[in-house]
Amino acid sequence: MRTDLVEPGIRIAPSVLAADFARLGEHVGIVEAGGADLLHLDVMDGHFVPNLTIGPPLVKSLRPHSKLLFDTHLMITDPMKYAPIFARAGSDLITFHIEVVDDPIHMIEALRSLDVGVGVTLNPGTAVERIWPVVDRVDMVLVMSVNPGFGGQEFIEASLDKLRAIRSRLRPDQRLEVDGGINGETVARAVAAGADTLVAGSAIFARPDPVAAMNQLRAVAKAAAG
Ligand code: DX5
Ligand code: ZN
């Protein structure tokens with residue numbers, strides 16, 4: 001597992017969902033050179049969420065072109081089946097949804113055996129208590145602040161309570177990521193509530209200058225972190 005996964009501090013994870021897929025290598029290169037910390041890869045299967053996005057071949061194609069930590073968010077009904085394929089393709093961190101896994105401890109052990117970082121996530125409608133049995137076993141918790149499936153949605157304010165509740169249970173070597181509707185305005189509230197790893201798709205890639213947008217997000221986030 002990459003040790004930079006668990007380093008503390010504010011980190012920005014551009015989500016390629018909002019990038020131009022016809023120029024993906026170039027766009028990833030731009031945010032990487034501009035100081036991105038992770039690359040967020042949204043995997044959707046058309047079952048767990050009503051959308052289809054990327055799969056292992058895209059991760060494999062990007063891998064030789066980037067040194068960024070590949071933060072792979074599996075919005076799929078069978079993460080146990082596909083996690084090894086993503087690990088082989090080059091994912092460094094794999095996050096699964098608690099809603100689709102009967103035995104999350106087994107899922108986490110399977111991910112550990114692949115030597116990837118382990119993340120667990122939950123939908124806005126899922127009670128935070130669902131993750132308590134495994135919260136001390138993961139490297140990162142991801143709070144979905146929109147209903148997963150699409151970029152460009154509005155931040156759900158109730159996510160802030162969830163972030164606070166989870167932050168109070170995490171050790172310093174565990175990261176708290178937030179995903180959905182993060183922009184220059186919402187990021188400060190998310191960080192004040194405990195988030196340190198900030199996913200942003202449209203607020204970075206849909207802007208005319210993605211690097212300037214990323215730097216601005218980071219500056220606001222750092223100020224909110226105090
Ligand atoms: C939504 C995805 C997000 C998405 C965020 O289902 O998990 O990662 O890319 O997009 P924005 O930042 O536009 O809300
Ligand atoms: Zn995501």
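This report looks at a zinc site and a pair of packed helices in a predicted model.

Let's begin with the metal. The zinc ion (ligand 2) is held by four residues at 2.0 to 2.3 Å, and the table shows which atom each residue offers.

| Residue | Donor atom |
|---|---|
| His 40 | NE2 |
| Asp 42 | OD |
| His 73 | ND1 |
| Asp 179 | OD |

Along the sequence, these donor residues follow the spacing H-x1-D-x30-H-x105-D. Asp 42 sits in strand β2 (residues 38-44) and Asp 179 in strand β7 (residues 175-179), so this pair ties together parts that lie 137 residues apart in sequence. Around the zinc ion (ligand 2) there are six donor atoms, and because the angles they subtend run from 69 to 167°, the arrangement is octahedral.

Now for the helices. The axes of helix α3 (residues 79-89) and helix α4 (residues 104-113) come within 10 Å and cross at roughly 15°. Angles under 35 degrees count as roughly parallel, and therefore α3 and α4 are roughly parallel to each other. Their crossing is right-handed.

Which residues of α3 and α4 meet? Pro 79, Met 80 and Ala 83 come from α3, while His 106, Met 107, Ala 110 and Leu 111 come from α4. Of the residues in this contact, six are nonpolar, one is polar and none is charged.

Definitions and conventions: Residues are numbered from 1 along each chain as its sequence is written. Chains are lettered from A and ligands numbered from 1 in the order in which they are written. This is a predicted model: local features need pLDDT of at least 70, side-chain atom pairs count only at pLDDT 80 or more; totals for chains, interfaces and linings use all residues. Side-chain values use heavy atoms; hydrogens and water are left out. Axes are lines fitted to C-alpha atoms, for helices over the stretch in contact, and angles run from 0 to 180 degrees between N-to-C directions. Helices (H or I, at least four residues) and strands (E, at least two) are DSSP runs, numbered from the N terminus. Angles under 35 degrees count as roughly parallel, over 145 as roughly antiparallel, 65 to 115 as roughly perpendicular and the rest as oblique. A crossing is left-handed if the near helix is turned anticlockwise from the far one by less than a right angle, and right-handed if clockwise. Contact means heavy atoms within 4.5 Å. Ala, Val, Leu, Ile, Met, Phe, Trp, Tyr, Cys and Pro count as nonpolar, Asp, Glu, Lys and Arg as charged, and the others, Gly among them, as polar. Donors are N, O and S atoms within 2.8 Å of the metal (3.2 Å for Na, K and Ca); water is not among the atoms, so sites may look incomplete. Four donors count as tetrahedral if all angles lie between 85 and 135 degrees; four count as square planar and six as octahedral if opposite donors are over 155 degrees apart and all others between 65 and 115; anything else is irregular.
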